[in-house]
Amino acid sequence: MVPAAPPVVVVISGPSGVGKDAVVHALKQARPDLHFVVTATSRAKREGEVHGKDYLFVSRAEFESWVQRDQLLEHAVVYGDYKGIPKQQVAEALDHGTDVVMRIDVQGAATIRRLLPHSIFVFLVAESEHALVQRLTQRKTEPMDSMLVRVQTAKEEVKHMKAFDYVVVNREGALAETVQTLSAIIDAEKASVRRRIAPPGVI
Ligand SMILES: Nc1ncnc2c1ncn2[C@@H]1O[C@H](COP(=O)(O)OP(=O)(O)OP(=O)(O)O)[C@@H](O)[C@H]1O
């Protein structure tokens, strides 16, 4: 009886260590109706990560050839490693009418904002600097100096919050709550009248 809601792109961003991967992983279990973009990266696989599921782990040379062939929606060097969003995955999901979720660092989110301005931009934060430090420490994937850079960068990145539509606090031990909030945001956006009545291509 009313126009269908067009598929949406949800961008989950935030400083390193706030829990983007953990949140996206849990959201995936809760929302099989969404397409989760598998980001390409040149960084080394962390324990337990699976190629094609968590990331597309590629060599720097392979990554560079994708850039040359314009196969990435956006890419950036994040803490010394390439990360990028394969264009085709996003286009195919949207063509099928499926909502798309992508996790991206703060600089990458700015690029997506220019390319796909009607996406839903979510800024994920930890409840405190202390909690962020604890998460990075417990993850044990970076040496101390690189961890300190991440904490310092996080303080700068928080200033970009204004450019986002939502801020979600990923509290210690409350991953399920974070996922619930994100899921509610997506549902609310899908129910938005503005999205339903916009001319095709505008959203
Ligand atoms: N709500 C939470 N409570 C406790 N621990 C959490 C929570 N969310 C994430 N973590 C843990 O914090 C650590 C950092 O999370 P994660 O690797 O998902 O961060 P990230 O934002 O993806 O970081 P990066 O951008 O560096 O990849 C992980 O060990 C993860 O299991």
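In this predicted model, the axes of helix H1 and helix H7 (residues 175–190) come within 9 Å of each other and cross at roughly 65°. An angle from 65 to 115 degrees counts as roughly perpendicular, so H1 is roughly perpendicular to H7. The hand of this crossing is right-handed. On the H1 side, the meeting involves Ala22, Val23, Ala26, Leu27 and Ala30, and facing them from H7 are Leu175, Thr178, Val179, Leu182 and Ser183. Sorted by class, the contact of H1 with H7 comes out as eight nonpolar and two polar residues, with no charged ones.

A second helix pair tells another story. Helix H5 covers residues 129–139 and helix H6 covers residues 144–157, and their axes come within 10 Å while crossing at roughly 150°. Since angles over 145 degrees count as roughly antiparallel, H5 runs roughly antiparallel to H6. This crossing, too, is right-handed. H5 brings Glu129, Leu132, Val133 and Leu136 to the contact, while H6 offers Met147, Arg150, Val151 and Ala154. Here the tally for H5 with H6 is six nonpolar and two charged residues, with no polar ones.

Now for the ligand. Its surroundings hold 16 residues, and the ones that come nearest are Ser16, Gly19, Lys20, Asp21 and Arg135. Two of the helices already met turn up again at this site: H1, spanning 20–30, and H5 each supply at least two residues of the shell. As for the make-up of that shell, six residues are polar and six are charged, alongside four nonpolar ones. Charged residues, then, are part of the ligand shell and of the contact of H5 with H6, but there are none in the contact of H1 with H7.

Zooming out to the domain level, the UniProt record (an unreviewed entry) places the feature "domain: Guanylate kinase-like" at residues 7–187. Over that stretch the chain is 43% helix and 21% strand. The C-alpha atoms at the two ends of residues 7–187 sit 11 Å apart.

Conventions. Residues are numbered from 1 along each chain as its sequence is written. This is a predicted model: local features need pLDDT of at least 70, side-chain atom pairs count only at pLDDT 80 or more; totals for chains, interfaces and linings use all residues. Axes are lines fitted to C-alpha atoms, for helices over the stretch in contact, and angles run from 0 to 180 degrees between N-to-C directions. Helices (H or I, at least four residues) and strands (E, at least two) are DSSP runs, numbered from the N terminus. Angles under 35 degrees count as roughly parallel, over 145 as roughly antiparallel, 65 to 115 as roughly perpendicular and the rest as oblique. A crossing is left-handed if the near helix is turned anticlockwise from the far one by less than a right angle, and right-handed if clockwise. Two residues are in contact if their C-beta atoms, placed from the backbone, lie within 7 Å. Ala, Val, Leu, Ile, Met, Phe, Trp, Tyr, Cys and Pro count as nonpolar, Asp, Glu, Lys and Arg as charged, and the others, Gly among them, as polar. UniProt positions are given in the numbering used here, feature names are shortened, and annotations may be inferred rather than shown by experiment. A residue is near a molecule or strand if its C-beta atom, placed from the backbone, lies within 6 Å of it.
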